[in-house]
Protein chains: 2
Amino acid sequence: MSAERLEVWASLATLLERLPTALDAQLQRDSGLTHFEHGVLYALDSAPERTLRLSTLAGYASSTLSRLSRAITRLEAKGWVHRIIDPADGRFTLAVLTNEGHVKVTQSTPGHHALVDRLVFDALTASQIRQLGVISRSISEAIDTAPVWTPPSAKVDPPTL
Amino acid sequence: MSAERLEVWASLATLLERLPTALDAQLQRDSGLTHFEHGVLYALDSAPERTLRLSTLAGYASSTLSRLSRAITRLEAKGWVHRIIDPADGRFTLAVLTNEGHVKVTQSTPGHHALVDRLVFDALTASQIRQLGVISRSISEAIDTAPVWTPPSAKVDPPTL
DNA sequence: ATCAATCACTTGCCTAGGCAAGTAACCGTA
DNA sequence: TACGGTTACTTGCCTAGGCAAGTGATTGAT
């Protein structure tokens, strides 16, 4: 790997450590939420009927179902969300934002967005902001394309490609 | 927050979830290392005498001393690192990469860098790569400048709604 | 209609890591 | 030289989350 790429990678890797830490610290301190939990509440608040299937929500949050299930359990214990079985298909579980949950997101989002503004957008030019969107999407797509990298030695069947 | 910023933020937040997950998965599977542990070994391998003070290393890794201390304990148990008390000042602890540790980094780095190449650099133009470096550093600097942001009226929400 | 897959979670077990309370080494002051 | 303060970790306790083995609901083939 070239020296220039190494340096860019070092700066990105640093960002990957520090930004989540900074966001979690603010949300935890001001609202008692992790960044992940806030994202879940925010997604539900934006959804029709304030309701989403867990599997859909897991996709939005780039999360495993296991992690989401535990997060929903915590949010349910706080009274911000409740589960119902999908009447259309009993295998699905729907997460529904309660009124208290709606109040919670409404209160916690401004402070969170203010920090994102300060840390991310205030630090960048309009053109860099646009580029950041393009770059982030490109990398995410590359991850989707090669979700699990298979080493030369370990050849598993590549059926659905 | 404007719709455009929301969209950029969504794409960055997605990246912050997915890229570390992808990197950890590859390193764990191929080398039995977390991304963090690999970073520690790599930093030691690059250091003079393959030796660094824990506090210096914590800075490089954007980590708490607590997290680093536990990681060093794990790496020591594997025989890749050992601790010595700094002869110049007994408060400092030096982490030293063993020969086995050097072999370990040498073996694990190519696969890791190949994935970084594939996920990050292959997805971007030369100009985007340069911009990514500038953008990452700008955001990291903003985090340093405002490590803990205090909202105008820091209200903790009441115990139970 | 039956029963074997499959799907959508859920949960037990285990590790990583945060916070805060230690502990040991060193420094500054008197 | 004594000793309180600071520095550099270390560790006990607790929560988050990964993996893999369940569980219940539904679908599909016979």
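**Contacts between two protein chains and two DNA strands**

In this predicted model, Glu7(A) forms a salt bridge with Arg137(B), and the closest N and O atoms of the pair are 3.9 Å apart. Since a salt bridge is counted when a side-chain nitrogen of Lys or Arg lies within 4 Å of a carboxyl oxygen of Asp or Glu, the pair Glu7(A) and Arg137(B) with its 3.9 Å is included in the count. Across the interface of chain A and chain B, 8 salt bridges are found by this rule, while a search of the whole structure, over all chains, finds 19. Another salt bridge is made by the side chains of Arg67(B) and Glu17(A), with a distance of 3.0 Å from N to O. Arg67(B) belongs to helix H4 of chain B and Glu17(A) to helix H1 of chain A, so this pair joins two chains.

The contact between the chains draws on 68 residues from chain A and 65 residues from chain B. The area buried between chain A and chain B comes to about 6200 Å², and carbon and sulfur atoms give 66% of this area. In addition, 10 residue pairs are in polar contact between chain A and chain B, counting pairs in which both residues have a pLDDT of 80 or more. On the side of chain A that touches chain B, at least two residues each are supplied by helix H1 (3-31), helix H2 (35-46), helix H5 (99-121) and helix H6 (126-145) of chain A. The largest share of that side, 22 residues, comes from H1(A). Sorted by class, the side of chain A that touches chain B holds 35 nonpolar, 17 polar and 16 charged residues.

The fold of chain A contains 6 helices and 3 strands, and these elements follow the pattern α-α-β-α-α-β-β-α-α when read along the sequence. The C-alpha trace of chain A spans about 55 × 45 × 25 Å along its principal axes. In chain B, helix H1 covers residues 3-31, and at 1.5 Å a residue its 29 residues should span 42 Å, which agrees with the 42 Å between its end C-alpha atoms. H1(B) is followed by Gly32(B), a residue whose phi is positive, near 65°.

Turning to the DNA, strand D is surrounded by 18 residues, of which the closest are Thr64(A), Arg70(A), Ser55(B), Arg70(B) and Thr93(B). Among the atoms of DNA strand D that come within 4 Å of the protein, sugar and phosphate account for 66%. A polar side-chain atom of Ser55(B) lies 2.5 Å from a phosphate oxygen of DNA strand D, and a backbone N or O atom of Arg91(B) lies 3.0 Å from a sugar or linking oxygen of that strand. A base is also approached, for an N or O atom in the side chain of Ser66(B) is 3.3 Å from a base oxygen of DNA strand D. Two or more residues each are given to the surface near DNA strand D by helix H4 (65-77) of chain A and by helix H3 (54-60) and helix H4 (65-77) of chain B. The residues of this surface near DNA strand D comprise 3 nonpolar, 7 polar and 8 charged.

DNA strand C has 18 residues around it, and those that come nearest are Ser55(A), Arg70(A), Thr93(A), Arg70(B) and Gly90(B). Sugar or phosphate makes up 69% of the atoms of DNA strand C within 4 Å of the protein, and the rest belong to bases. Two contacts involve phosphate oxygens of DNA strand C: a backbone N or O atom of Gly90(B) lies 2.6 Å from one such oxygen, and a side-chain N or O atom of Arg74(B) is found at 3.0 Å from a phosphate oxygen. In a contact with a base, an N or O atom in the side chain of Ser66(B) is 3.2 Å from a base nitrogen of DNA strand C. The elements that give two or more residues to the surface near DNA strand C are helix H3 (54-60) and H4 of chain A, together with H4 of chain B. By class, the surface near DNA strand C divides into 3 nonpolar, 7 polar and 8 charged residues.

Conventions: Residues numbered from 1 in each chain as written. Chains lettered and ligands numbered in written order. Predicted model: local features only at pLDDT ≥ 70, side-chain atom pairs only at ≥ 80, totals over all residues. Heavy atoms only, no water. Near = heavy atom within 4 Å. Polar contact = N/O pair within 3.5 Å; in protein donor to acceptor, adjacent residues only side chain to side chain. Helix = DSSP H or I, 4+ residues; strand = E, 2+ residues; numbered from the N terminus. Nonpolar A, V, L, I, M, F, W, Y, C, P; charged D, E, K, R; others polar. Expected span 1.5 Å × (residues − 1). Contact = heavy atoms within 4.5 Å. Buried area = accessible area lost by both parts, 1.4 Å probe.
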